[in-house]
Amino acid sequence: MSATRAALPPTREPDGVGERPVDRRRGSTLLRHLTFTLAAALLLVGVSYAVEPFRNFQLATVAAYLCATAGLTVLTGLNGQLSLGHGALMATGAYTVAFCQNAFADRGMTGGWLLPLSLGAAILSTVVVGAVVGVAAARLRGPYLAGVTLAVAIVVPALAVTFDGVFNGEQGLSVPVEPPPASLGLYFPYERWQLWLAGAATLLAMLLLANLIRSRFGRTFRAVRDDEVAARLAGIHVARTQVLAFVVSAATAGLGGALLAVLAQSVSPGAFSLTLSLFLLMAVVIGGLGRLAGAVWGAVLLVALPDLTHSVTELLTLSPAVAQRLEGNLPLAIFGVTLIVVMIAAPGGVQGLLSRLGRALLARLPARRS
Amino acid sequence: MDRFVFLTIDGLSRGAVYAAFALALVLIWRAARVVNFAQGAMAVAAAYVAYTVSAETGSYWLGFVVAIVAGLLLGALVDRAVMRFVDHTSPLNPVIVALGLVLLIQAVLGMVYGSEFRPAEAPFSRSALSVGGVAVLSPYDLFVFAAIGVVVSGLAWMFARTPVGLRMRAAAFAPEVSRLLGVNVGGMLTLGWALASGVGALAAMLVIPTELGLHPHAMDLVFVSAFTAAVVGGLDSPPGAVVGGLVVGLLLSYVSGYAGSDLTPLAVLVLLLAVLLVRPGGLFAPVAARRV
Amino acid sequence: MRAPQSRTEDDTTSASDLLVVRGLVAGYGAAPVLQAIDLTVPAGTIAAVVGANGAGKTTLLRALSGMIRPVAGQVLLAGEDLRGTPVEQLVRRGMAHVPEGRGVISELTVDENLRLGGLWRRDRADAGRALDEVYELFEPLARRRRHLGHQLSGGERQMLALGRALVGRPRLLLLDEPSLGLAPRVVARTMALLRQLRDQTGLTVLLVEQNVRSALAIADQGVVMSLGRVVTAAPAATLRDDVELRHAYLGF
């Protein structure tokens with residue numbers, strides 16, 4: 001959050017002194033995004049004080065997932081590339097954070113700047129992996145791309161077991177994270193601090209993504225998605241655009257994975273299975289392909305639905321074994337059915353339905369006035 | 001050398017299964033232009049049905065037959081109840097729906113049967129018979145070769161020689177013209193899904209006893225290997241799928257025999273990427289183009 | 001199983017009219033392409049539908065064979081209403097549609113393409129006879145039985161598409177632009193063949209053509225379409241001689 005605030009003052013100037021209309025519009029878009037981010041940040045701080053620690057932790061998890069779903073939204077929704085491998089990219093980020101934090105802890109280094117450094121390293125390593133996969137992906141289409149990324153999603157977590165000397169196998173690694181700074185007070189709840197951390201990082205990422213989508217790059221992403229040949233004829237370098245989209249998407253997924261690792265203070269291959277990759281895709285589809293707001297819905301759903309099924313199974317009186325089976329699998333079944341139903345009935349997703357509703361209301365309002 | 005012979009036979013036996021599974025993928029791809037990412041989950045579901053039947057009746061063979069019938073029905077059901085309603089204008093849509101099916105089927109299996117590995121029995125001994133002191137073939141390997149040989153040649157005969165095979169090919173290549181010629185294109189599509197899913201169920205029945213056992217995710221890696229096999233052969237070519245399956249099976253067997261079984265998933269990924277980057281149309285693409 | 005066939009009693013329909021179209025409205029989106037088409041083709045005759053690009057000729061054929069669902073109107077084949085009949089059932093009613101670009105399935109061999117045309121028939125012996133007849137009729141096809149569709153020349157594809165329709169022994173043949181992209185000599189041969197089939201087997205043909213001269217040369221009836229309507233329907237000879245009409249709609 002501090003980062004977003006720091007970024008605010010200088011950007012005001014171009015809006016005020018904008019000479020050409022183009023500049024002013026651009027400035028106002030940026031301003032709008034900044035205002036929105038600031039409002040979200042304030043809201044988040046307010047909420048972090050209002051709700052109990054467990055909810056804080058859940059919201060922090062939503063924020064971490066949001067990074068990944070937003071990245072996937074950019075890739076699949078805006079650029080038309082389907083990735084089933086974002087779970088693996090999250091794993092890359094998560095393991096990098098684990099390595100960095102462990103290295104810092106082993107050397108006895110402390111300080112508030114270490115965690116951002118680790119997160120930066122996580123993003124960097126995912127960018128590298130994303131660039132490699134992205135270069136391959138740019139040459140592939142439709143089902144081929146889906147197949148390759150599916151293979152990535154299945155194979156990469158298995159690597160943790162293959163090279164268990166480095167990754168410590170199924171057990172995984174622990175991620176040492178420092179307590180909240182002393183300046184916040186002795187009794188500052190740890191979960192609130194987690195939410196602040198995750199929220200700040202995610203809001204910054206969302207701000208950057210929102211601006212990217214509105215920029216020239218966002219337009220080329222969409223152009224390539226809609227018609228590659230037309231985009232090429234319009235002078236867009238298709239392959240480069242696709243790699244860029246993949247890298248951006250990978251970076252946010254890496255950040256999301258890193259945040260998850262920081263929140264859980266551990267990382268293991270089981271957390272980044274194929275199921276997670278499918279979950280992310282489902283979240284993006286249900287939220288509404290191609291809309292950042294849809295990614296928010298998807299991330300919320302990822303956390304809320306298992307929680308909800310947990311409470312439902314608790315209400316039913318079941319034998320422990322049955323309850324355990326149900327609890328583990330009911331969310332999956334619901335996700336699966338929702339994915340199919342949404343794809344068939346409402347390809348726009350939740351956000352699509354909402355915007356349609358909103359447009360319908362707006363259309364009615366001026367009609368009434370006149 | 002003995003080890004090499006053993007690994008080769010083992011690889012061909014595995015490869016035969018991949019070939020069948022890849023063939024099932026190719027069948028649906030040719031008929032509907034959909035890569036059925038749910039095929040692994042569907043095949044596991046059929047195998048679970050067989051497991052239940054075998055456990056109830058004590059007969060492996062009854063379970064075996066039921067698995068294939070269940071596979072056929074499940075394929076038809078998926079086409080009629082789900083895929084038919086999917087908007088196919090974007091290739092992403094059917095893929096996403098298939099993934100939804102994966103989640104759903106695996107979750108239902110997990111709810112009904114739990115997530116622990118269940119031992120799957122093999123109907124024949126899996127210890128290799130030795131010929132001249134060299135361990136060569138197990139009776140189970142022979143069974144795998146025979147079963148898959150029968151299915152593959154049966155399918156080949158059906159497509160090449162029978163009226164229904166001709167209809168299915170026509171419906172896949174030119175749906176609109178085929179309708180004008182009196183072909184029930186929707187029915188052929190359902191038949192294609194059913195056949196593919198039946199073949200997938202057979203492959204699952206054959207491969208699961210050689211692995212850790214029955215589990216909702218038992219076919220995940222097999223699917224990736226079979227997809228790789230289909231891509232190696234070129235997604236459009238049934239003979240390519242068979243050859244691709246054998247190639248992948250051999251490769252995995254050598255990798256696991258000489259370098260360690262942990263490395264096989266990585267080997268699949270490397271092969272898939274290598275083929276797609278070097279020859280995106282599959283290794284047999286130019287040959288096939290000349291033949292067609 | 002066949003849907004019960006509704007026979008419509010209507011005194012304006014003469015028993016000899018094989019195809020009767022009344023008030024047919026059809027199109028692809030909100031705006032219909034065809035606007036209230038009326039058309040009658042007597043059995044054993046050739047009707048040529050002519051008109052400029054975009055007049056709705058191909059759409060008419062597609063609506064007749066059910067490839068697009070009509071919004072309104074009636075299509076009667078030998079007195080039977082075709083509404084609600086699935087496309088794949090129309091061959092069983094005796095209607096064969098050779099689409100524009102001819103629809104040879106290029107991945108199948110000549111023989112497979114031809115056999116496909118008769119697969120729906122229960123009378124297997126006659127389907128076999130029809131196949132032999134087509135091979136006799138189109139000598140070059142018999143020589144290229146095992147060749148794939150995409151290895152054929154344009155004229156051979158034309159023969160194949162036409163032959164494939166004939167294997168089904170249709171009563172009514174819908175032909176979309178048979179002259180498209182073919183040499184004049186091949187076009188002339190095709191047209192002569194249609195006339196020969198009409199005279200010898202009593203085949204009824206509804207022909208859509210850009211090539212007005214050769215179409216009207218063999219047709220009994222000419223139907224001029226413009227902007228989705230039938231402008232005029234008259235004996236082909238009359239149309240050939242009507243200079244004004246030719247100038248207005250046919251451009252020669």
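**Close-up 1. Salt bridges and polar contacts between chain C and chain B.** In this predicted model, three salt bridges are counted between chain C and chain B, a salt bridge being a side-chain nitrogen of Lys or Arg within 4 Å of a carboxyl oxygen of Asp or Glu. Arg179(B) pairs in this way with Glu88(C), and their closest N and O atoms are 2.9 Å apart. Five residue pairs in polar contact, both at pLDDT 80 or more, are also found across this interface; a polar contact is a pair of N or O atoms within 3.5 Å, where within protein one must be able to donate a hydrogen and the other to accept it, and residues adjacent in sequence count only if both atoms are side-chain atoms.

**Close-up 2. The side of chain C that touches chain B.** The contact (heavy atoms within 4.5 Å) joins 22 residues of chain C to 19 residues of chain B. About 2,000 Å² is buried between the two chains, 67% of it on carbon and sulfur atoms, where buried area is the accessible area (1.4 Å probe) that two parts lose on being put together, summed over both. Glu88(C), Leu116(C) and Leu119(C) provide 28% of the area that chain C buries against chain B, more than any other three residues.

**Close-up 3. The interface of chain A and chain B.** Chain A contributes 41 residues and chain B 45 residues to this contact. The two chains bury about 3,600 Å² between them, with 83% of that on carbon and sulfur atoms. On the chain A side, Pro143(A), Tyr144(A) and Arg325(A) lose the most area to chain B, together 17% of what that side buries. Zero salt bridges are found across the interface of chain A and chain B, and two residue pairs, both at pLDDT 80 or more, are in polar contact there.

**Close-up 4. Cys67(A) and Cys100(A).** Over all chains, the search finds zero disulfides, a disulfide being a pair of cysteine sulfur atoms within 2.5 Å. Cys67(A) is in no disulfide, and its nearest cysteine sulfur, that of Cys100(A), is 17 Å away. Cys67(A) is buried (under 20% relative accessible area, against over 50% for exposed and partly exposed in between, with a 1.4 Å probe and protein chains only), at a relative accessible area of 1%. Cys100(A) is likewise buried, with a value of 18%.

**Notes.** Residues are numbered from 1 along each chain as its sequence is written, and chains are lettered from A and ligands numbered from 1 in the order in which they are written. Local features need pLDDT of at least 70, side-chain atom pairs count only at pLDDT 80 or more, and totals for chains, interfaces and linings use all residues, while side-chain values use heavy atoms, with hydrogens and water left out.
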